[in-house]
Amino acid sequence: MSAEWYLRCIGCGSTFREEPEDFRCPKCDDLLELEKEGLPELRELYASGGKGIWRFSCALPLKEIFSVSLEEGNTPLVKSSNIGEQKIDLHFKVEGSNPTGSFKDRGMTVAISHAISRGARVALCASTGNTSSSLAAYSARAGISSFVIVPENAVSPAKLVQAHLYGASIFKVKGNFDSALKKARSLALSHGAYLVNSINPYRIEGQKTVSYEIYEQLGMRMPDYVFLPVGNAGNISAVFKGFSELVRMGAREELPKIVGVQAEGAGPIAEAFSKNRQTIKPVKNPKTIASAIRIGNPVSWKKCIRAVRESKGTVISVTDEEILASRDELARKEGILVETASAASLAGLRKMISRIPAGSSVVCILTGTGLKDASETASRVVMHDISELRKLLIL
Ligand SMILES: Cc1ncc(COP(=O)(O)O)c(C=O)c1O
Ligand SMILES: [Zn+2]
């Protein structure tokens with residue numbers, strides 16, 4: 001870790017210059033966050049140069065020259081043209097345009113670069129799919145082995161194909177993502193493998209760059225609201241970190257209200273919010289069609305609650321039907337194909353729309369591409385006989 005960087009525990013507040021092997025606080029076992037003494041000024045942040053997220057190196061814990069990169073980041077911020085929310089100014093941040101098709105690449109480039117700097121030869125993760133393909137791609141590029149642990153029968157086949165083609169070894173566990181993560185953490189500790197789940201604070205550092213980009217793409221303005229799907233809650237913590245750092249670097253506006261959206265059958269944080277509770281009750285058997293956010297015991301829930309409280313946002317839940325309707329609407333009205341979990345952002349906005357003041361600037365983060373979910377929809381595709389085309393053309 002370079003001299004200006006240190007780790008701080010989100011539970012007891014202790015700070016550390018040395019990195020614990022498993023990224024947990026040695027005093028209280030809570031999560032650690034990376035912090036930099038003296039962030040750059042806004043002008044410096046945007047003037048640095050470099051490729052992908054590495055152009056923000058002055059606010060990242062590693063230097064670009066040591067990076068393992070596929071030029072991730074710089075994803076489009078597309079203005080909505082046809083989704084009928086005329087009263088607001090709506091944009092979509094299309095994270096599916098990242099090299100392996102999801103926002104995970106932003107964090108993975110930093111985590112794998114860090115793994116290499118520590119001399120790691122093996123990287124390991126538990127995954128609902130996207131982390132595994134991202135880990136596999138960056139490990140391939142770095143020339144190290146990648147091992148991924150997934151819940152049996154619960155990950156989209158396309159994501160597994162992707163990880164396989166990048167050369168990962170894939171292991172299955174009975175149960176859900178939470179069991180896979182438990183296994184990954186204990187194996188990482190006992191065998192010294194480099195763990196890249198979002199408890200790894202280097203991932204969060206990469207993922208925070210999405211907020212830097214949104215601010216710039218809106219013409220150096222904060223949006224009023226940001227909606228995003230929440231599973232393990234690493235990404236919402238990262239998005240909040242990015243926006244809060246912009247304020248510390250000199251952005252004068254208020255933080256955007258960050259709204260986390262969970263699926264109803266996997267929504268322990270939303271439930272805690274709706275009942276005004278300070279802690280979550282894990283969901284034993286999480287259920288939702290949106291497999292990427294099918295997580296019952298989100299590790300970063302405390303960070304998520306802080307992100308939402310400090311930004312005056314909230315966490316809500318939506319039904320699978322609402323998620324699917326938003327996914328179809330994004331494809332058919334905007335030409336943006338997202339994976340099912342990603343559509344939770346728009347479904348959440350739909351649910352909250354009556355509470356959003358007219359004229360608000362709203363960004364829905366669309367976390368991953370829909371092509372990876374395609375196999376689940378293949379049976380619904382209708383192939384017409386060519387003879388029917390003439391009739392349709394006349395209509
Ligand atoms: C497409 C997609 N969206 C959202 C999420 C949720 O992110 P987090 O677990 O950081 O809350 C994931 C996590 O796997 C994902 O793959
Ligand atoms: Zn602690």
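Here are some questions and answers about the pockets and cavities of this predicted model.

Reader: Which residues lie nearest the centre of the largest pocket?
Author: Happy to start there. The largest pocket holds about 410 Å³ of space, and its lining is made up of 18 residues. Nearest its centre are Asp 178, Arg 185, Asn 297, Pro 298 and Val 299.

Reader: Which element gives the most to the lining of the largest pocket?
Author: Two elements give two or more residues to the lining of the largest pocket, helix 5 (177–191) and helix 10 (301–310). With five residues, the one that gives the most is helix 5.

Reader: How many residues in the lining of the largest pocket are charged?
Author: Good thing to ask at the bench. The lining of the largest pocket includes eight nonpolar residues and three polar ones. Asp and Arg count as charged, and the residues nearest the centre include Asp 178 and Arg 185. The number of charged residues in the lining is seven.

Reader: Which helix gives the most to the lining of the second largest pocket?
Author: The second largest pocket has a volume of about 280 Å³, and the residues lining it include Arg 327, Asp 328, Leu 337 and Asp 373. Helix 11 (320–334) and helix 13 (374–377) each give two or more residues to this lining. The most, four residues, comes from helix 11.

Reader: What is the volume of the largest cavity?
Author: Let's turn to the enclosed spaces, where a 1.4 Å probe fits but cannot get out. Counting those of 30 Å³ or more gives two cavities. The largest cavity has a volume of about 340 Å³.

Reader: Which class, nonpolar, polar or charged, has 14 residues in the lining of the largest cavity?
Author: The largest cavity is lined by 29 residues, and among the closest to its centre are Gly 231 and Asn 232. Gly counts as polar here. Twelve residues of the lining are nonpolar and three are charged. The class with 14 residues is polar.

Reader: Which domains each supply at least three residues to the lining of the largest cavity?
Author: Helix 8 (234–249) is one of the elements that supply at least two residues of this lining, and its share, three residues, is the largest. By domain, at least three residues come from each of domain 2 (77–101 + 204–378) and domain 3 (103–202).

Reader: And how many polar residues line the second largest cavity?
Author: The second largest cavity holds about 50 Å³, and its lining includes Phe 23, Arg 118 and Tyr 194. Domain 1 (1–38) and domain 3 (103–202) each give at least three residues to this lining. Five of the lining residues are nonpolar and three are charged, while the number of polar residues is no more than what the class count says: no polar.

Notes
Residues are numbered from 1 along each chain as its sequence is written. Chains are lettered from A and ligands numbered from 1 in the order in which they are written. This is a predicted model: local features need pLDDT of at least 70, side-chain atom pairs count only at pLDDT 80 or more; totals for chains, interfaces and linings use all residues. Side-chain values use heavy atoms; hydrogens and water are left out. On a 1 Å grid over the protein atoms alone, a cavity is a set of points where a 1.4 Å probe fits but cannot get out, and a pocket is an open set with protein on both sides within 12 Å along at least five of seven lines; lining residues have an atom within 4 Å of a point. Grid points are joined across faces, edges and corners, and a volume is the space filled by probe spheres set on the points. Domain bounds come from an automatic or database domain assignment.
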